[in-house]
Amino acid sequence: MEELMDQWLWRQEYWLPHGVTWKDIEMSEGSHHPLPRDLLVTLPLALGFIALRYVFERVVALPLSRLMGVRDRIRVRAAPVPKLEAFYSQHSHQPSQSEILILAKQCNFTQRQIETWFRHRREHDRPRSTKKFCEACWRFVFYLIAFLAGLASLINKPWFWDQRECWHGYPQQPLAGSHYWYYITELGFYWSLLLCVSVDIKRKDFKEQIIHHIATIFLIGFSYCGNYVRIGTLVMLIHDSSDFLLESAKMFNYAGWRKTCDSLFIIFAVVFLVTRLVVFPSKIIHTTLVLTLEVFEPFCGYYIFNAFLLVLQALHIFWAWLILRMVYKFVFLGKVERDERSDEESEVDDEDEEEAGKEEEEEGCSWEQRKGALNSKLTALANNCVLNNLTKQRSNTISRMPKAR
């Protein structure tokens, strides 16, 4: 099995520049060097992250959400109707007008009752604020720890300040223990995110998130195997620098702390735009596209590695556009109306659903209340009419008085 992997997957022509072999990367026995088989440990580590997340969300995040005042809205459970439930699960969560009419005939319901049933059913499936808070809290804790640990391990390294040092002495660059664990931990965490994507809350940029996770996993693995660890640590540090700010803003948003959320969001927006649109292309992509040509000639891995970096940059531009749109709403409307990456079936139509619920409550008022309100309006109208008639009669009488005299 290992020979087959070496023959097809770990061929040095794919991963290393021309003239460089795996033996060239190996150092003396006293120093650690990257090996492709080291990445196999990230899969059980990802399972460990999933288990740790399960415990963290219930032991730490859930009590913290209650302390911060996160409250879930009371939801009305839809009545069990087999035909409607089958349509909901097999066809669509939001039926068209013609489908509503057909379902109304099949179930002997009114059109309004069908619309109400689907609204309650969709509302029941939406993730609760507590669940969203727990997910954001878990990611916030990891990104914050990863950023602080990565910054501490890189702040005194020469390539942190001068990116040309990323290729000094390549490929014989020893791998520090802190950078090894930085790589393995980050890769294991992104594997866990990819494995949990089916159970996590889906957002409007769900497809972009999948692409981001896959590109990140490939870049971390490729840069480790090719011993691009120095440039790889900088890429991870840049991403972690703004991610924990976004997750903290989400936490305060779910807790209802609007001013704190808006302040953190503005800080996040500034950090994101600077790191992803200025630092990343000018320092990272320029280093991998241009400065590497001073060390080795382009090879297969060179094009693949830079292609995935450009994919990440395209995602950065997409998210920057969403962030700038939110900043525009904050500046000109006075608040951030909602997260542009809001949950796919949760926050987008909340206002419409609430208005529909209010209308339904108004329609559920008793006929006696409506009758009383209608009678009062008719009485007032009648009184106005009587007063108008009296006024007209009086004016007519006054107008006739001169003639009588």
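Helices here are DSSP runs of H or I with at least four residues, numbered from the N terminus, and in this predicted model that convention places Asn 108 in the loop between helix 6 (97–107) and helix 7 (111–125). The backbone of Asn 108 has a phi near 60°, which is a positive value in a residue other than glycine. Exposed means over 50% relative accessible area, and Asn 108, at 70% relative accessibility, therefore counts as exposed.

Taken as a whole, the protein has 16 helices and 0 strands. Of its 405 residues, 42% are buried, and the accessible surface comes to about 23,100 Å², with 62% of that area belonging to carbon and sulfur atoms. Among the contacts with a separation of 6 or more, 80% are accounted for by residues 24 or more positions apart, and the helix pairs described next can be followed in the structure above.

Helix 10 (residues 177–195) and helix 11 (residues 206–225) are a suitable pair to begin with, since their axes come within 10 Å and cross at roughly 155°. Because angles over 145 degrees count as roughly antiparallel, helix 10 is roughly antiparallel to helix 11, and the crossing of these two helices is left-handed. On the side of helix 10 the contact includes Tyr 180, Tyr 183, Tyr 190 and Trp 191, while on the side of helix 11 it includes Ile 210, Ile 214, Ile 217 and Ile 220. Sorted by class, the contact of helix 10 with helix 11 has 12 nonpolar, 4 polar and 1 charged residues.

Helix 11 also packs against helix 12 (residues 229–255), and here the axes come within 8 Å and cross at roughly 150°. That angle makes helix 11 roughly antiparallel to helix 12, and the crossing is again described as left-handed. His 212, Ile 220, Ser 223 and Tyr 224 in helix 11 meet Val 229, Gly 232, Met 236 and His 239 in helix 12, and by class this contact has 4 nonpolar, 4 polar and no charged residues. His 212, Ile 220, Ser 223 and Tyr 224 are also listed among the residues of helix 11 that meet helix 10.

Helix 12 has a further partner in helix 8 (residues 129–154), with which it packs at an angle of about 150°, the two axes being 7 Å apart. Helix 8 is thereby roughly antiparallel to helix 12, and their crossing is left-handed. The residues of this contact divide into 15 nonpolar, 5 polar and 6 charged.

Further along the chain, Leu 277 is found in helix 13 and is partly exposed, with a relative accessible area of 33%. Its C-alpha atom is separated by 7.1 Å from that of His 316, although the two residues are 39 apart along the chain. Neighbours within four places in sequence being left aside, Leu 277 is in contact with Phe 272, Gln 313, His 316, Ile 317 and Ala 320.

The loop between helix 13 (258–289) and helix 14 (300–333) contains Thr 292. Buried means under 20% relative accessible area, so Thr 292, at 2% relative accessibility, counts as buried. With the neighbours within four places in sequence again set aside, Thr 292 is in contact with Trp 167, Thr 287 and Tyr 302. These two loop residues can thus be set side by side, because Asn 108 counts as exposed at 70%, whereas Thr 292 counts as buried at 2%.

Note on methods. Residues numbered from 1 in each chain as written. Predicted model: local features only at pLDDT ≥ 70, side-chain atom pairs only at ≥ 80, totals over all residues. Heavy atoms only, no water. Axes fitted to C-alpha atoms, helices over the stretch in contact; angles between N-to-C directions. Parallel < 35°, antiparallel > 145°, perpendicular 65-115°, else oblique. Left-handed = near helix turned anticlockwise from the far one by under 90°. Nonpolar A, V, L, I, M, F, W, Y, C, P; charged D, E, K, R; others polar. Buried < 20%, exposed > 50% of the residue type's maximum accessible area, 1.4 Å probe, protein only. Contact = heavy atoms within 4.5 Å. Areas by Shrake-Rupley, 256 points an atom, 1.4 Å probe, with all protein chains shown as cover.
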